[in-house]
Amino acid sequence: MTDFLRNLIRLRRGPWEMVATILIALGVVMLMQPFALALFTWSFLVTLVGTVMFIIVSHFPE
Amino acid sequence: MPNPLDAAARATPPTVARRIRGLSDRAIAWLFVAPTIFLLLAINIFPLIWTVRLSFTNYRANRPNEEVEWVGLRNYIRILTDDGIWANMQTTAHFLFWTLVLQVILGFALAWLINRKFKGNDLLTTLIVLPMMLSPAVVGNFWTFLYQPQIGLVNYTVELLTGTPANSFSMLGPGGYAPWSIIIVDTWMWTPFVMLICLAGLRSIPDYIYEAAEVDRASKWRQFWTITVPMVLPFLMLAVLFRGIENFKMFDMVVLLTGGGPGNETLLASIDLKREAFEKWRTGYSSAYAIILFVTVFGLASIYVKALNKVKER
Amino acid sequence: MSAYSVTEPTRRSKLVAGVLVVLYTFITLLPLVWIISTGFKSGPDSISYPPKVVFEPSLEGYVNLFTTRTRVGAEEFENLPPAETWYDQIVRDQGMVIAGPSRFGERFLNSVIIGFGSTFLSIFLGTLAAYAFSRFKVPLKDDLLFFILSTRMMPPIAVAIPIFLMYRELGLSDTHLGMILLYTGVNISLAVWLLKGFIDEIPREYEEAALIDGYTRFQAFRKVVLPQAATGIASTAIFCLIFAWNEYAFAVLLTSGTAQTAPPFIPTIIGVGGQDWPAVAAGATIFLLPVMIFTILLRKHLLRGITFGAVRK
């Protein structure tokens, strides 16, 4: 866990890609869940942030 | 005495020699890549940027002379607060979830069985794979025939096996079966896809790992969960992501099978989008809808490419 | 293989596995067999209850597929000269006369033109790009490859709106050229990724030897790499062809007349009171047959094709 945080601060690719992946997955789940309209409303923004983040962080060093 | 210039020429690395004779590698690289990139820009990226632009307007393609207004984020806000579209997303989710579950279970089981390497497994694999190569449109259309309550093969088989009269239910009509009907057809078509990828995963596991486990007296059950499953998992991820993306944007098979009906029971997001764009001609609004679907697919695709590279390393 | 191996399944487990897989194959092929057999049924046989497994084969479906027919008055029908050809007779037996050829032939031909045209173009452009990605240091290589692949994932309807508008402006809507370019745009990603894998496998030494022998890069590419990659190119071509052949969404949205392919056409084949199932089945059979043959030809490369070259077996 501390390794994960340290690599996050040092702008390493691995952990940041993980964060972006989780955001995208979260956005997709929010888009299609049957529980709350509010989650559906904000899902697009979450996916968008995750996707943009993914593109940016894939250029971070390993 | 040998000419020092001669010696230098002989020692020149081949790249330099080539540059003299023809185009540089760099130029060739660009020459070779450029047409592809250009085509993709024209056919994919330019339209996409156009869609983004349209998504902020109230443009209607069937009334090209009407004044186009900028509406800012209004289209997006409307879509993302619309109960109906939220319901379509849930319909899509239902379809996605069950097709993935069924295809993973069936596909993995089949791959596991075929991996017993019994006689004739190659031939059977080729036969099993056939449905996924067919045209989804033709498949969707023909399955409406198989699903006919009176004369269809499906209802008749159900009657034969369970005694339920064939005309007492309709797979595509009212009664709640339609969402399952599209799941059945998709599973029929695409289980082979998951199977093929799982099979590759199973075959990538070297024998010596099992041999070592055998020496350690690990039970078959334990071997399955500690060796087989983890080793196949990256492959399975690949299959699930790809099928997930494909089914999220599913259009052809379902539109011909049910057209979204009965009611809105099988109205997947992409079918709804097609209606908005090409039947109601709300171009601006449907562009925003398209962008929402696109960003979702693009996000999933980036995860997919990551998974792809992971499998490639194996 | 050694005589005894712990990983070799026992005979009994092989037998059980074989039986189960045969069972699955049987079930999964049933709809396919049903399509093919319905094509050879007569109209009444195709919609009989219970569904007929044994039936008298008839070419009615195929004749109806290629013709349009009309009904004539009872008196006029009586006074017609006897049917001249066997297909004339089949139509007469249904109480109708042939009015002319149907559009299926045209649609099928469109599928062939657009399928082969886009396959050729994808392979041509794809081979060049794949070679460059495989052999040279292309700046932003990974980004470009990702970009190329991601275009494949685009939902067709999402780009169909502006393509529809763009084609309308350029006069490309409902033309063969427009569809060829469009399908090339979708297929090229697959072509580049697959072909890059195949070219990666050709040892660089071959070309380097050729370069030392005085070939230019271009000659080395043409005379050394291309022949070596022939199998890969062929199987990639078949994959591209199958995609273009089966595509429906773009075809139904962007074509209506001249350039319409078979997939949007087949579901519109109607007879008396609804779809003419034997004719639909006949059309489907003719349409699916090439793909089935291709699949059998491709079986060694299938896996590669569906994973964009990532899994090589």
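Start by selecting C:Leu140, which sits in the loop between helix 6 and helix 7 of chain C. Its phi is near 55 degrees, a positive value in a residue other than glycine. Is C:Leu140 buried or exposed? With 10 other C-beta atoms within 10 Å, C:Leu140 is exposed. Keep in mind throughout the tour that this is a predicted model.

**Along helix 7 of chain C**

Now step forward from that loop and select residues 141-153 of chain C, which form helix 7. Helix 7 of chain C has 13 residues, and 19 Å lie between its first C-alpha and its last. That span is close to the 18 Å expected at 1.5 Å a residue.

Show side chains next. Which residues of helix 7 of chain C are buried? They are C:Leu145, C:Ile148, C:Thr151, C:Arg152 and C:Met153. An α-helix has 3.6 residues a turn, so residues three or four places apart point the same way.

Then bring up what these buried residues pack against. Within chain C, the partners are helix 6 (104-135) and helix 9 (176-200). From chain B come helix 3 (25-54), helix 11 (220-248) and helix 14. Helix 7 of chain C therefore makes a good stop for viewing both chains together, as its buried residues pack against helices of chain B and of chain C.

**A second loop**

Move on to C:Asp174, in the loop between helix 8 (156-170) and helix 9 of chain C. Here too phi is positive in a residue other than glycine, with a value near 60 degrees. C:Asp174 has 16 other C-beta atoms within 10 Å and is partly exposed.

**The two domains of chain C**

Zoom out and colour chain C by domain: residues 43-101 for domain 1 and residues 104-306 for domain 2. The centres of these two domains of chain C, taken over C-alpha atoms, are separated by 39 Å. Where they meet, domain 1 of chain C contributes 10 residues and domain 2 of chain C contributes 11.

On the domain 1 side of this contact in chain C, select helix 2 (43-46) and helix 3 (60-66), the elements that each give two or more residues. Which of the elements gives the most to that side? Helix 3 of chain C does, with six residues. Colour the domain 1 side by residue class and you will find five nonpolar, four polar and one charged.

**Chain B against chain C**

Next, show chains B and C as a pair. Of the two pairs of chains in contact, this one shares the most contacts. How many residues take part? There are 86 residues of chain C in contact with 82 residues of chain B.

To explore the chain C side, select helix 1 (residues 11-38) of chain C, which gives the most to that side, with 15 residues. By class, the side of chain C that touches chain B comprises 67 nonpolar, 15 polar and four charged residues.

**Chain B on its own**

Hide the other chains for a moment. Chain B has 14 helices and zero strands. The radius of gyration of chain B is 27 Å, well over the 20 Å that the globule rule gives for 314 residues, so chain B is more spread out than a compact globule. Turn chain B along its principal axes and you can see its C-alpha atoms fill a box of roughly 105 × 75 × 35 Å.

Buried residues account for 45% of the 314 residues in chain B. Of the contacts in chain B between residues at least 6 apart in sequence, 71% join residues at least 24 apart.

Colour chain B by its domain assignment, with domain 1 at 15-54 and domain 2 at 83-312. The centres of domain 1 and domain 2 of chain B, over C-alpha atoms, lie 36 Å apart.

**Last stop: chain A**

Finally, bring chain A back. Here 17 residues of chain B are in contact with 17 residues of chain A. On the chain B side, helix 5 (83-114) and helix 14 (283-312) each supply at least two residues. Helix 14 of chain B gives the most, with nine residues. The chain B side of this contact has nine nonpolar, six polar and two charged residues.

With chain C switched back on, look at how it lies relative to chain A: these two chains do not touch, and their nearest C-alpha atoms are 9 Å apart.

Note on methods:
Residues are numbered from 1 along each chain as its sequence is written. Chains are lettered from A and ligands numbered from 1 in the order in which they are written. This is a predicted model: local features need pLDDT of at least 70, side-chain atom pairs count only at pLDDT 80 or more; totals for chains, interfaces and linings use all residues. Two residues are in contact if their C-beta atoms, placed from the backbone, lie within 7 Å. Helices (H or I, at least four residues) and strands (E, at least two) are DSSP runs, numbered from the N terminus. Ala, Val, Leu, Ile, Met, Phe, Trp, Tyr, Cys and Pro count as nonpolar, Asp, Glu, Lys and Arg as charged, and the others, Gly among them, as polar. Domain bounds come from an automatic or database domain assignment. The radius of gyration is taken over C-alpha atoms; the globule rule is 2.2 Å times the number of residues to the power 0.38. A residue is buried if 20 or more other C-beta atoms lie within 10 Å of its own, exposed if 12 or fewer, and partly exposed in between; C-beta atoms are placed from the backbone. The expected span of a helix is 1.5 Å times one less than its number of residues.
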